[in-house]
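Student: I've got a model loaded and want to talk through its contacts and charges. Can you take my questions one at a time?

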Amino acid sequence: MAQECDPEEIRTLGVLTKPDLVDKGAENKVIDLVEGKSHSLPLGWIVVRNAAQQQLLDQSSDRDLVEARFFRENHPWSNLPKDKVGIHALKIRLQEVQTTQIRREFPKMRTDVGRKPKAMRHDLSAFGNERSTPE
């Protein structure tokens with residue numbers, strides 16, 4: 001679906017969720033994705049651990065602490081670079097991506113916005129002189 005909207009993959013950041021539910025033996029495939037060894041994305045991949053249902057019900061549970069502990073204590077996830085795991089890493093990466101894309105696209109938008117009024121004035125002039133009264 002992402003390739004349909006972004007065929008050049010210049011706006012696609014891969015986010016994998018629920019690493020705690022990956023079947024034993026399949027972890028290496030996920031690790032290969034995150035490390036860019038299979039289906040590399042220019043913006044990369046990040047793994048986040050969503051809160052489990054029980055954790056959502058427990059108001060005293062700190063989602064970020066539980067996630068950090070998971071990535072720190074569970075092999076093979078603990079071997080991944082810290083900038084590739086967790087909601088904090090995702091927030092930072094999204095800020096970087098957004099800033100880069102705004103800097104790239106803003107000059108084009110500014111040019112387009114400058115052209116639109118000129119084009120509209122040209123189109124309006126094709127209707128002839130303005131009438132002196134609404135009637």
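Student: Okay, what do the buried residues of α2 pack against?

Tutor: Keep in mind that this is a predicted model. The buried set in α2 is Glu-27, Val-30, Ile-31, Leu-33 and Val-34. They span an arc of only 155° around the axis, so they sit on the same side of α2. What that set packs against is β1 and β2.

Student: And which residues are exposed on the other side of α2?

Tutor: Start from the buried side, which includes Val-30 and Leu-33. Turn to the other side of α2 and the exposed residues are Asn-28 and Lys-29.

Student: Which residue with a positive phi follows α2, and near what value is that phi?

Tutor: Look just past the helix for a glycine. Gly-36 follows α2, and its phi is positive, near 80°.

Student: Glu-35 forms a salt bridge with Lys-37; how far apart are the closest N and O atoms?

Tutor: Check the surroundings before the distance. Glu-35 counts as partly exposed because its relative accessibility is 38%, while Lys-37 is exposed at 61%. The closest N and O atoms of the two are separated by 3.1 Å.

Student: How many salt bridges does a search of the whole structure find?

Tutor: Side chains of opposite charge can pair when their charged atoms come close. Here the criterion is a Lys or Arg side-chain nitrogen within 4 Å of a carboxyl oxygen of Asp or Glu. Running that search over the whole structure gives 10.

Student: Asp-20 and Arg-49 are linked by a salt bridge, so how many residues apart are they?

Tutor: Their closest N and O atoms are 3.6 Å apart. Asp-20 is in the loop between β1 and α2, and Arg-49 is in the loop between β2 and α3. The pair therefore links distant parts of the chain, with a separation of 29 residues.

Student: Is Arg-49 buried or exposed?

Tutor: The cut-off for buried is under 20% relative accessible area. Its partner Asp-20 is partly exposed, since its value is 30%. Arg-49 has 12% relative accessibility, so the word for Arg-49 is buried.

Student: Over the face of which ring does Arg-49 lie?

Tutor: Go to the ring centre and look for the Arg-49 charge at 5.5 Å. The ring belongs to a residue that is buried, with 12% relative accessibility. Arg-49 lies over the face of Phe-70.

Student: What is the angle between the planes of Phe-70 and Phe-71?

Tutor: A pair of aromatic rings is described by the distance of the centres and the angle of the planes. The whole structure has 1 aromatic pair. Phe-70 and Phe-71 form it edge-to-face, with centres 5.2 Å apart and an angle between planes of 75°.

Student: Why are the buried residues of α4 on the same side of the helix?

Tutor: The residues in question are Glu-67, Phe-70 and Phe-71. Phe-71 is buried because its relative accessible area is 4%. On the other side of α4, Leu-65, Arg-72 and Glu-73 are exposed. The buried ones share a side because they cover an arc of only 90°.

Student: And what do those buried α4 residues pack against?

Tutor: Follow Glu-67, Phe-70 and Phe-71, the buried residues of α4. Their packing partners are β2 and α5.

Student: Which residues are linked with Arg-63 in a network of salt bridges?

Tutor: Arg-63 is placed in helix α4, residues 63-73. With 24% relative accessibility, Arg-63 counts as partly exposed. The network links Arg-63 with Asp-64 and Glu-67.

Student: How far is the side chain of Arg-63 from the backbone oxygen of Arg-49?

Tutor: Among the residues Arg-63 touches, beyond four places in sequence, are Arg-49, Gln-55 and Ile-87. The Arg-63 side chain reaches the backbone oxygen of Arg-49 at a distance of 3.2 Å.

Student: Last one: which helix holds both Lys-108 and Glu-105?

Tutor: The two form a salt bridge, with the closest N and O atoms 3.4 Å apart. Both count as partly exposed, because Lys-108 has 46% relative accessibility and Glu-105 has 29%. They are 3 residues apart, about one turn, and the helix is α5.

Technical notes: Residues numbered from 1 in each chain as written. Predicted model: local features only at pLDDT ≥ 70, side-chain atom pairs only at ≥ 80, totals over all residues. Heavy atoms only, no water. Helix = DSSP H or I, 4+ residues; strand = E, 2+ residues; numbered from the N terminus. Buried < 20%, exposed > 50% of the residue type's maximum accessible area, 1.4 Å probe, protein only. Contact = heavy atoms within 4.5 Å. Polar contact = N/O pair within 3.5 Å; in protein donor to acceptor, adjacent residues only side chain to side chain. Arc of directions from axis to C-beta. Phe/Tyr/Trp six-rings, centres within 6.5 Å; stacked < 30°, edge-to-face > 60°. Lys NZ or Arg CZ within 6 Å of the ring centre and 35° of its normal.
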